[in-house]
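Let's walk through this one together, a question at a time. Have a look at the model first, then read on.

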Amino acid sequence: DDFYFSQLGEIYKAAVNLYLQKSGVGFDVIQLLERLSATFTDISKKDMKKIMSELMSCVPTSSHAVEYAHLVKKYSALRTERKICSSLTIVLQEKLN
């Protein structure tokens with residue numbers, strides 16, 4: 001739920017579940033693509049391969065996955081705070097008017 005785009009959250013969830021299913025042993029993108037094809041039935045495998053390739057080109061290494069997850073959580077919290085502040089601003093403006 002912390003991802004800005006819910007599809008990225010689904011990819012993350014699939015990767016984590018695959019990792020746990022393999023008892024902490026690594027997996028490759030082919031295995032993940034197979035798992036994702038069941039999740040994203042409206043996207044062809046060819047398009048999913050393209051999406052995964054683009055995502056993988058953005059991440060230099062998987063060894064920093066925990067740090068990346070912390071960044072996702074951090075920015076999720078900031079988005080939540082921004083929404084709360086925006087809501088409070090609207091309520092205060094209504095009270096003042």
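Q: How do the residues lining the largest pocket divide into nonpolar, polar and charged?
A: This is a predicted model, and its largest pocket is lined by 31 residues. Tyr counts as nonpolar here, along with residues like Ala and Val. Sorted that way, the lining comes out as 24 nonpolar, four polar and three charged.

Q: Which helix gives the most to the lining of the largest pocket?
A: Four helices each supply at least two residues of that lining: helix 1 (6–21), helix 2 (29–39), helix 3 (45–58) and helix 4 (65–96). The top giver puts in nine residues, and that's helix 4.

Q: How much space lies in the largest pocket?
A: To find the spot, look for Tyr12, Ala15, Val59, Ala65 and Tyr68, the lining residues nearest the pocket's centre. The space in this pocket comes to about 1200 Å³.

Q: Is Ala15 buried or exposed?
A: Ala15 sits in helix 1. Its relative accessible area is 17%, and the cut-off for this label is under 20%. Because 17% falls under that cut-off, Ala15 is buried.

Q: Which residues does Ala15 touch, leaving out those up to four places away in sequence?
A: Some residues far along the chain still end up in the same neighbourhood: Ala15 and Leu33 are 18 residues apart in sequence, with their C-alpha atoms 9.6 Å apart. For a touch, though, heavy atoms have to come within 4.5 Å. The residues that Ala15 touches are Phe27 and Leu32.

Q: Which helix provides the largest share of the largest nonpolar core?
A: This core has 10 residues, among them Ala15, Leu33, Leu36 and Met52. Helix 1, helix 2 and helix 3 each supply at least two of its residues. The largest share is four residues, and it comes from helix 1.

Q: Which residues does Leu36 touch, again leaving out those up to four places away in sequence?
A: Leu36 belongs to the largest nonpolar core, as do Ile11, Ala14, Met48 and Met52. Leu36 touches each of those four, and Glu10 is on its list too. In full, the contacts are Glu10, Ile11, Ala14, Met48 and Met52.

Q: How do the residues lining the second largest pocket divide into nonpolar, polar and charged?
A: About 220 Å³ of space lies in this pocket. Its lining includes Asp1, Asp2, Glu10, Lys13 and Lys73, and Asp, Glu and Lys count as charged. The full split is five nonpolar, two polar and five charged.

Methods. Residues numbered from 1 in each chain as written. Predicted model: local features only at pLDDT ≥ 70, side-chain atom pairs only at ≥ 80, totals over all residues. Heavy atoms only, no water. 1 Å grid on protein atoms, 1.4 Å probe; cavity = no way out; pocket = protein on both sides within 12 Å on 5 of 7 lines; lining within 4 Å. Points joined across faces, edges and corners; volume = space filled by probe spheres on them. Buried < 20%, exposed > 50% of the residue type's maximum accessible area, 1.4 Å probe, protein only. Core = buried A, V, L, I, M, F, W, Y, C linked by side-chain atoms within 4.5 Å.
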